[in-house]
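Here are my notes on this one, as promised. Have the structure open while you read, since the points hop around the chain a bit.

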Amino acid sequence: MLTLASKLKREEGVRAGRTLARSNDASHRVSIRDRLLIKEVAELEANLPNTCKVTFPDENKLCHFQLAISPDEGYYLGGKFQFEIEVPEAYNMVPPKVKCLTRIWHPNIAETGEICLSLLREHSIDGTGWAPTRTLKDVVWGLNSLFTDLLNFDDPLNIDAAEHHLRDKEDFRNKVQDFIKNYAR
């Protein structure tokens, strides 16, 4: 992260009239996305839910990180769920790409990792999809809420999981716990 912040400071120094070696080299420019990410990552780290942990495999690439969610209540209590978040160059006009890396039995997360969360949709019928005013903090809090108040059995991505819950809530709970035991520790 320090390297990206250093690039930003160097570029600002060039604009202020100070000369730096290779100041005209396009590879030293910091994209709009990266400028936003410097600010948003700092805000995210300051306001992270206590059930979440963010890690950056490469601290120089704020556009790619992992999120671990360990719910402290509900069906998914005791599990640790890993998500991969990729922020595209067109961010914040388009949402980040998010995939669940942990196999899970969840009505809004497919076993293959796709996620049904309206704020991750570029275009949403209900008007709650992505907007340029949203931030990474919104994404993390939204993903965290999929394990509690945004758990939605009425508009599922994994129809089998939702129908399972409707048929037999206790058996659904048992299957969730089996998935946690086998995949989410």
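**Notes on salt bridges, burial and long-range neighbours**

1. K137 is partly exposed, with a relative accessible area of 25%. Its partner is E43: the two form a salt bridge whose closest N and O atoms are 3.4 Å apart. E43 sits in helix α2 (residues 32-46) and K137 in helix α3 (residues 136-145), so this pair ties together parts that are 94 residues apart in sequence. E43 also counts as partly exposed, at 27% relative accessibility. Keep in mind that we are looking at a predicted model throughout.

2. Some overall bearings. The protein comes to five helices and four strands. Reading from the N terminus, the order of elements is α-α-β-β-β-β-α-α-α. There are 185 residues in the protein, and 42% of them count as buried.

3. How many salt bridges does the structure hold? The count is four. As a reminder of the chemistry, side chains of opposite charge can pair when their charged atoms come close. Besides the E43 and K137 pair, there is one between R103 and E111, with the closest N and O atoms 2.8 Å apart. On the accessibility side, R103 is partly exposed at 35%, and E111 is likewise partly exposed at 34%.

4. R33 and D34 deserve a look of their own. They form a salt bridge, with 3.2 Å between the closest N and O atoms. Are these two buried or exposed? R33 has a relative accessible area of 11% and D34 has 13%, so both fall under the 20% cut-off and count as buried. The pairing does not stop there: R33, D34 and E89 are linked in a network of salt bridges.

5. Back to α2 as a whole. This helix has 15 residues and reaches 22 Å from its first C-alpha to its last, close to the 21 Å expected at 1.5 Å a residue. The buried residues in α2 are R33, D34, L37, E40, V41 and L44. So the list mixes charged side chains with Leu and Val, and R33 at 11% is one of its members. E43, by contrast, is partly exposed at 27%.

6. Now for charge without a partner. Which residues gather in a patch of negative charge on the surface? They are D168, E170, D171 and D178. D168 is found in the loop between α4 (159-167) and α5 (169-183). With 36% relative accessibility, D168 counts as partly exposed.

7. F147 makes a handy reference point for contacts across the sequence. F147 is found in the loop between α3 and α4, and at 2% relative accessibility this residue counts as buried. P71 is 76 residues away from F147 in sequence, yet their C-alpha atoms are 6.6 Å apart in space. E73 is another neighbour to check: E73 and F147 are 74 residues apart in sequence and 8.2 Å apart, C-alpha to C-alpha. E73 itself has its place in the loop between β2 (64-69) and β3 (81-86), where it counts as partly exposed at 46% relative accessibility.

8. The loop between β3 and β4 (97-100) holds N92, and the peptide bond from Y91 to N92 is cis, with omega near 20°. I'd flag that bond for anyone reading the backbone closely. P95 is in the loop between β3 and β4 too. P95 counts as buried, at 2% relative accessibility. The C-alpha atoms of P95 and G129 are separated by 8.9 Å, with their positions 34 residues apart along the chain.

9. Last, the C-terminal side. Where does A184 lie? A184 lies in the segment after α5, and this residue is buried, with a relative accessible area of 1%. What is the C-alpha to C-alpha distance between A184 and G78? The distance is 8.3 Å, although the two are 106 residues apart in sequence.

How values were computed: Residues are numbered from 1 along each chain as its sequence is written. This is a predicted model: local features need pLDDT of at least 70, side-chain atom pairs count only at pLDDT 80 or more; totals for chains, interfaces and linings use all residues. Side-chain values use heavy atoms; hydrogens and water are left out. A salt bridge is a side-chain nitrogen of Lys or Arg within 4 Å of a carboxyl oxygen of Asp or Glu. Buried means under 20% relative accessible area, exposed over 50%, partly exposed in between (1.4 Å probe, protein chains only). Helices (H or I, at least four residues) and strands (E, at least two) are DSSP runs, numbered from the N terminus. Patches are made of residues with over 30% relative accessible area and no salt bridge: like charges are joined within 9 Å, nonpolar side chains (Val, Leu, Ile, Met, Phe, Trp, Tyr) within 5 Å. Accessible areas come from the Shrake-Rupley method with a 1.4 Å probe; for residues, only the protein chains shown count as cover. Lys and Arg count as positive and Asp and Glu as negative; His and the chain ends are not counted. The place of a charge is taken as NZ of Lys, CZ of Arg, CG of Asp or CD of Glu. The expected span of a helix is 1.5 Å times one less than its number of residues.
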